[in-house]
Amino acid sequence: MPKELPAPQDPDALEYEKIASEEPPREIEMPENTAVATTGSKSLSDKLDSSDMTDMQYAAYRLFPPDVASQEASMAMIARIDPDAFLSLLGLRVTEEFMQADTRQCNFIDILQKHYSLMSIGRDGMGRIDLLELAGAARDDKKMQTMAGGMGG
Amino acid sequence: MPNTSAQVYLVGGMPGAGKSNTVVGFIVDAYKKDPNVKVYANFHLFGIKYVYCSVALMLKLYKEGILDDAILAIDEAYLVAEARRGGNPLTLLMTYLGMQSRKMKLTIYIISQSGRFIDWRIRLIKSHEIYCQKYNPKTHVITFSLKEIMSGREKNVSYFAPQYWCYYDTDEKLPPPAKLIDRAIKYVTNEPAKVEEEGAEVP
């Protein structure tokens with residue numbers, strides 16, 4: 001419930017007080033069996049402050065996750081790698097990381113898998129192609145929305 | 001949402017996508033933050049202090065210069081700013097209201113299924129565009145996109161809708177202007193009855 005309102009000072013506020021009214025909230029049945037209903041939910045304003053990503057931003061995040069990709073890795077994922085050079089480059093990258101890592105703690109299979117995945121995307125060029133496809137799809141979607149009578153002027 | 005931000009929000013989406021729910025969410029959050037905020041709406045609100053503002057009252061308040069420094073919510077906005085009746089006095093006045101929203105310190109929420117239903121001048125002056133994409137009946141989450149026109153920034157927001165259900169009635173109907181209905185009835189019923197009585201042919 002809102003706090004007690006102080007006496008208004010300006011004439012417009014006085015006029016507002018004369019014509020404003022307040023009815024009690026409606027009695028409604030809150031839905032059950034939803035995760036949010038049991039754990040509580042953020043208000044709309046709170047949700048506005050958090051950063052929900054657009055579809056494109058989410059797709060880019062999934063394609064090039066920041067926790068995995070260093071600048072080198074990002075370049076490998078985007079660049080086209082010649083198939084003949086793939087194995088040699090893979091060997092070089094794995095060897096370099098393995099030699100710099102603490103051998104008591106590192107996992108060779110993890111290192112190999114990581115570089116293989118990053119470079120596979122690069123070899124097929126799929127990272128760049130995926131993003132371009134998504135960009136095209138997003139643009140087409142927006143165009144369709146505008147033509148169908150969206151909010152645009 | 002501060003009431004002195006003076007923004008014009010165009011809120012669109014398919015029926016049942018959560019347009020009114022979203023606007024009520026903005027209003028309720030603003031009211032909880034500042035109970036002194038003035039709220040005018042052309043539909044009924046519950047649980048908060050506001051002015052139920054029929055179109056006639058809204059225009060009267062505008063004329064008397066009282067409608068300022070407030071939140072104004074207009075549901076079914078095509079009833080007051082119909083795109084095909086741009087020369088209509090009501091549409092003209094609503095357009096002027098929108099254009100002077102900054103000087104009047106009004107935050108205006110204009111709700112309509114499509115922007116095409118509303119006079120294009122109001123579409124032109126919008127500061128934000130909200131498009132309600134969907135309401136998920138299983139999770140009761142509404143998802144909308146919010147676009148800031150000046151910067152072009154866009155973001156998707158999802159929130160739990162039922163927390164605002166007690167503040168408004170989703171089934172409330174807003175009647176069209178009475179004179180318009182009368183004119184439409186006259187249009188379809190005028191003349192033919194008289195002609196039949198005299199036995200003349202209907203042209």
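This is a short walk through a surface patch, the cysteines and one tyrosine.

One thing up front: the model is predicted.

Let's start on the surface of chain A. Four side chains make a nonpolar patch there: Phe98(A), Phe108(A), Ile109(A) and Leu112(A). Together they offer about 330 Å² of accessible area. Which helix gives the most to this patch? Helix H7 of chain A, residues 108-124, with three residues. Phe108(A) sits in that helix, H7. Is Phe108(A) buried, exposed or partly exposed? Its relative accessible area is 39%, so Phe108(A) is partly exposed. Patch members need over 30% relative accessible area. Phe108(A), at 39%, is above that cut-off.

Next, the cysteines. How many disulfides does the structure hold? Zero, over all chains. As a reminder, a disulfide is a covalent bond between the sulfur atoms of two cysteines. Two cysteines of chain B are worth a look. Cys53(B) has 0% relative accessibility, so Cys53(B) counts as buried. Cys166(B) comes out at 15%, and therefore Cys166(B) counts as buried too. The cut-off for buried is under 20%.

Last stop, still in chain B. Where does Tyr31(B) lie? In helix H1, which covers residues 19-33. Tyr31(B) has a relative accessibility of 4%, so Tyr31(B) counts as buried. Now pair Tyr31(B) with Ile48(B). They are 17 residues apart along the chain. Their C-alpha atoms are separated by 7.3 Å.

To recap: a nonpolar patch on chain A with helix H7 as its main contributor, zero disulfides, and a buried Tyr31(B). Happy to take questions.

Definitions and conventions: Residues are numbered from 1 along each chain as its sequence is written. Chains are lettered from A and ligands numbered from 1 in the order in which they are written. This is a predicted model: local features need pLDDT of at least 70, side-chain atom pairs count only at pLDDT 80 or more; totals for chains, interfaces and linings use all residues. Side-chain values use heavy atoms; hydrogens and water are left out. Patches are made of residues with over 30% relative accessible area and no salt bridge: like charges are joined within 9 Å, nonpolar side chains (Val, Leu, Ile, Met, Phe, Trp, Tyr) within 5 Å. Accessible areas come from the Shrake-Rupley method with a 1.4 Å probe; for residues, only the protein chains shown count as cover. Helices (H or I, at least four residues) and strands (E, at least two) are DSSP runs, numbered from the N terminus. Buried means under 20% relative accessible area, exposed over 50%, partly exposed in between (1.4 Å probe, protein chains only). A disulfide is a pair of cysteine sulfur atoms within 2.5 Å.
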